[in-house]
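Student: I would like to learn how to read the empty spaces in a protein model, and then one of its helices. Could you take me through them step by step?

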Amino acid sequence: MSARRTVLLTGATGVVGRSLLREPGAVRLLPAARAATVPDAGEPVVRCDVTRERFGLDADAYAELAARVDVVIHSAGLTEWGLPAERYAPVNVEGTRRVIEFAREAGAPVHFMSTAFVAALADTAPVPLRAENVCRNYITSKYAAEELLRSSGIPHAIYRPTNLIGDSVTGWTSHPQIVQQMSDWLGRGRAPFLPVHPGIRMDFVPQDLLSKAVLRAIERGDDEGEWWVTLGPEAMDVETCVGIVVKQAAERGRHLTVPPLLDADGLAPETIAEQPPMTRSYLSVLRDVSEVTRCSGGVLPTSMPELRDRYGLPAVDDTAAYATTLAYAARHLA
Ligand SMILES: NC(=O)c1ccc[n+]([C@@H]2O[C@H](COP(=O)([O-])OP(=O)(O)OC[C@H]3O[C@@H](n4cnc5c(N)ncnc54)[C@H](OP(=O)(O)O)[C@@H]3O)[C@@H](O)[C@H]2O)c1
């Protein structure tokens, strides 16, 4: 595909949006956001609230936008975990319906940022995800958005990233995320034990790999496909992950004892419930994220080999990228 495509990017202020805006590419990205300004935006911001009719634009502005846009990257979403289902639906489900309506008017394909966690809801899941899992309502809303796209008749590509970490080379991220927060807590020696499911992988992907895949796909005109942006069997095990945190803590003068790993399925409920509130909260999230991976088979499905072949994604050592992410977080985000 030779002409430079004009791409509307929803969620431009988010972790993924900011990473996309910094990634060199041969497309024109129009940042769409609720905010008036977006760092690193090369084009004026399109004010956009996906919960509002026509994104909150008047009819003329909406039609003019639809006439300019060739492709939509839909990255806006409510990503916080642990909220009731009715909080996610307006943004993640109805918001995607509005994006589809817009794409239909624009004659544009949609590149949608879903999540690898939908694997935990698949019919093939070895065990069902508990109803009270902290991620469940979020995952269910992302799955519902995927279903809307699949039934829309609109050309679309779905990307399912695992937990994203900082840039593969510098560790940069626009805001800290769950991996950095959880690692910081662990690195401060606050974990009495770690409730995890035996054999699961800690699957972290640097955010720039997702951005590269999406931009290369759009540049080539690959507007259909479903991509698991994960490392699958290449991902590190829990012991390796904890070892990296302990080593980084030692470099900052904190000598930790490695907390014991306890089988999350075999834990009596009071083992977590009787901890102080902050500890309880971190341990519960860890157990629930581990459960999501367990329900996905312990090792997430992956398209990384195909993404490397097709889009030239670099083969990144996840242990090195994770260490770089932690070092960046310690310097800039603490
Ligand atoms: N980061 C990850 O590790 C990861 C992993 C798997 C999947 N994903 C998926 O990737 C997408 C982007 O994730 P992220 O990490 O960039 O999330 P994020 O940092 O939480 O950013 C969310 C983005 O959505 C925007 N947004 C929220 N409500 C909106 C609304 N009503 N109208 C318009 N925009 C709205 C936010 O804008 P404001 O600044 O105005 O709030 C922000 O730009 C999400 O859909 C998420 O499900 C992310």
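Tutor: We will go through the cavities, then the pockets, an annotated span and one helix. This is a predicted model, in which local features need pLDDT of at least 70 and side-chain atom pairs count only at pLDDT 80 or more, while totals for chains, interfaces and linings use all residues. Residues are numbered from 1 along each chain as its sequence is written, and side-chain values use heavy atoms, with hydrogens and water left out.

Student: What is a cavity, and what is a pocket?

Tutor: Rolling a probe the size of a water molecule over the atoms shows where empty space is left. On a 1 Å grid over the protein atoms alone, a cavity is a set of points where a 1.4 Å probe fits but cannot get out, whereas a pocket is an open set with protein on both sides within 12 Å along at least five of seven lines; lining residues have an atom within 4 Å of a point. Grid points are joined across faces, edges and corners, and a volume is the space filled by probe spheres set on the points.

Student: How many cavities of 30 Å³ or more does the structure hold?

Tutor: There are 2 of them, and the largest encloses about 350 Å³. Its lining is made of 28 residues, with M182, M202, F204, L286 and V289 nearest the centre. Two or more lining residues come from each of α5 (178–187), β8 (194–196), β9 (201–202), α7 (238–251) and α9 (277–295), where helices (H or I, at least four residues) and strands (E, at least two) are DSSP runs numbered from the N terminus. The element giving the most is α5, with 6 residues.

Student: How do the lining residues of the largest cavity divide by class?

Tutor: We count Ala, Val, Leu, Ile, Met, Phe, Trp, Tyr, Cys and Pro as nonpolar, Asp, Glu, Lys and Arg as charged, and the others, Gly among them, as polar. On that scheme the largest cavity has 21 nonpolar, 5 polar and 2 charged lining residues. The second largest cavity, of about 30 Å³, is lined by P206, L209, L231, R308, V316 and D318.

Student: Which residues lie closest to the centre of the largest pocket?

Tutor: The largest pocket has a volume of about 1,300 Å³, and among its 42 lining residues G77, L78, T79, E80 and Q177 are the closest to the centre. Its largest share, 4 residues, comes from α9, and the lining as a whole has 22 nonpolar, 16 polar and 4 charged residues. In the second largest pocket, with about 260 Å³ of space, Q180, S183, D184, A329 and A330 are the closest to the centre of the 18 that line it, and α5 gives the most, with 5 residues.

Student: Which residues does the UniProt domain annotation cover?

Tutor: The unreviewed UniProt entry places "domain: Thioester reductase (TE)" at residues 45–213, given in the numbering used here with feature names shortened, and such annotations may be inferred rather than shown by experiment. That span is 38% helix and 16% strand, and its end C-alpha atoms lie 23 Å apart.

Student: Which residues of helix α10 are buried?

Tutor: Buried means under 20% relative accessible area, exposed over 50%, and partly exposed in between (1.4 Å probe, protein chains only). In α10, residues 304–311, the buried ones are M304, L307, R308 and Y311. Seen down the axis, they fall within an arc of 105 degrees, so they line one face of α10; the arc is that of the directions from the helix axis to the C-beta atoms. These buried residues pack against β10 (204–206), α6 (207–220) and β11 (225–229), with contact meaning heavy atoms within 4.5 Å. After α10 comes G312, whose phi is positive, near 65 degrees.
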